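Subject: Structure for you to look at

Hello,

Here is the structure I said I would pass on. Please open it and keep it beside this email while you read.

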Amino acid sequence: MSTDTPVKPQVNEALVKKIQDLGPWHMNIQLTEDLNTGQVFSNEGEVYHRPSNAGVSLLNLRDGFLDLMKRLYPEGLGDKRFLDCACNAGGYCFWAREMNAKAAFGFDVREHWIQQARFVKNHRVVGPTDGIGFQVKDLYDLPKLEMNPFDITIFKGIFYHLPDPITGLKIAADMTNEVMLFNTSTTWGEKDGYMKSGWESRENVMSGVHGLKWYPTGPKVMGDILRWLGFKEMKLMFYKQQYDQPQLGRTEIIASKVEGKLDAIGGEWLT
Ligand SMILES: C[S@@+](CC[C@H](N)C(=O)[O-])C[C@H]1O[C@@H](n2cnc3c(N)ncnc32)[C@H](O)[C@@H]1O
């Protein structure tokens with residue numbers, strides 16, 4: 001054999017089989033040097049053709065998240081406690097620990113996703129997995145856990161799956177001392193400042209479990225709610241039409257209870 005022949009990485013076939021069995025996946029998470037959860041389903045580690053992944057988009061979310069967190073916390077997350085509401089397979093908790101978060105906790109209402117998160121915790125060797133906890137939990141039951149507050153909270157992809165979203169967001173806001181990364185679907189092309197009701201499947205693995213849902217009509221209504229919940233400063237990171245559902249938009253807001261924390265991150269102030 002020529003010494004120029006590339007060596008094919010030895011991918012652990014048992015892990016590949018387990019990843020397949022635990023599908024569908026929404027998050028591409030690196031487990032070993034040679035294996036991530038996305039590559040089992042596509043070369044790019046992403047799947048936009050939803051039917052091929054049981055209707056779920058499989059996404060590379062790590063780099064964008066770490067880029068934002070490094071702008072917010074250039075010194076790392078050394079003394080920070082990190083909370084992810086609706087954590088899915090737990091990717092953000094693992095990536096927060098890569099930045100040395102002191103502790104990370106993720107919960108999701110679905111056993112399906114928490115099984116994935118626990119599987120990743122057991123098999124990931126490319127980053128720290130200690131100090132991370134996961135639980136199957138409905139957001140509305142979070143206060144029953146009587147946890148200590150967190151410094152950084154992610155509230156992404158859950159607001160528009162709740163029957164009483166302001167109460168739900170208040171639960172997370174009350175447990176947050178510093179910064180919230182908030183991301184939601186909205187309506188698109190409607191006057192901002194309202195909430196629009198609708199119904200959704202209780203069974204779809206990416207949706208809520210209560211049936212009733214609410215879309216905000218844009219960033220203004222979310223800014224008003226977040227301000228009422230105690231966040232002093234907010235930046236709109238983006239507000240755009242969704243590529244796959246043009247009747248919907250997507251908005252991301254970083255909200256802070258600490259003045260000055262958002263000065264360095266770009267985005268547009270929400271006043
Ligand atoms: C659109 S996915 C977003 C996943 C992830 N947060 C992200 O941004 O990639 C919605 C997630 O919310 C979870 N979920 C829906 N309703 C919930 C609730 N009441 N409490 C906790 N998790 C919920 C779903 O199981 C699913 O994992």
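Below are notes on the charged pairs and then on the nonpolar cores. Please keep in mind that this is a predicted model.

Salt bridges

The structure contains twelve salt bridges. I will go through a few of them.

Begin with helix α1, which covers residues 13–21. Here the side chains of K17 and D21 form a salt bridge, with N and O 2.9 Å apart. The two residues are four places apart in the helix, about one turn. K17 is partly exposed, because its relative accessibility is 46% and the partly exposed class runs between 20% and 50%.

Helix α2 (residues 62–72) has a pair with the spacing of about one helical turn, since R71 and D67 are four residues apart. Their side chains meet in a salt bridge at 3.1 Å, N to O. Are these two residues buried or exposed? R71 has a relative accessibility of 34%, so it counts as partly exposed. D67, at 43%, is therefore partly exposed as well.

Next, look at D130 and R97, whose side chains form a salt bridge at 2.6 Å, N to O. This pair connects distant parts of the chain, with the two positions 33 residues apart in numbering: D130 is in the loop between α4 (111–123) and β3 (132–136), and R97 is in helix α3 (residues 91–98). R97 counts as buried because its relative accessibility is 9%, and the limit for buried is under 20%. D130 has a value of 48% and so counts as partly exposed.

There is also a network of salt bridges that links R62, D63, E98 and R124.

Nonpolar cores

How many residues make up the largest nonpolar core? It has 45, and the members that touch the most others are F65, L72 and F82. At least two residues of this core come from each of α1, α2, α3, α4, β3, β4 (150–156) and β5 (176–187).

F65 is a useful residue to select in the viewer. Leaving out residues up to four places away in sequence, F65 touches F82, Y92, W95, A96, I154 and L181. Apart from the largest core lies another one, made of 29 residues, including C85, V221, M222 and A255.

That is the end of my notes.

Regards

Conventions. Residues numbered from 1 in each chain as written. Predicted model: local features only at pLDDT ≥ 70, side-chain atom pairs only at ≥ 80, totals over all residues. Heavy atoms only, no water. Salt bridge = Lys/Arg side-chain N within 4 Å of Asp/Glu carboxyl O. Buried < 20%, exposed > 50% of the residue type's maximum accessible area, 1.4 Å probe, protein only. Core = buried A, V, L, I, M, F, W, Y, C linked by side-chain atoms within 4.5 Å. Contact = heavy atoms within 4.5 Å.
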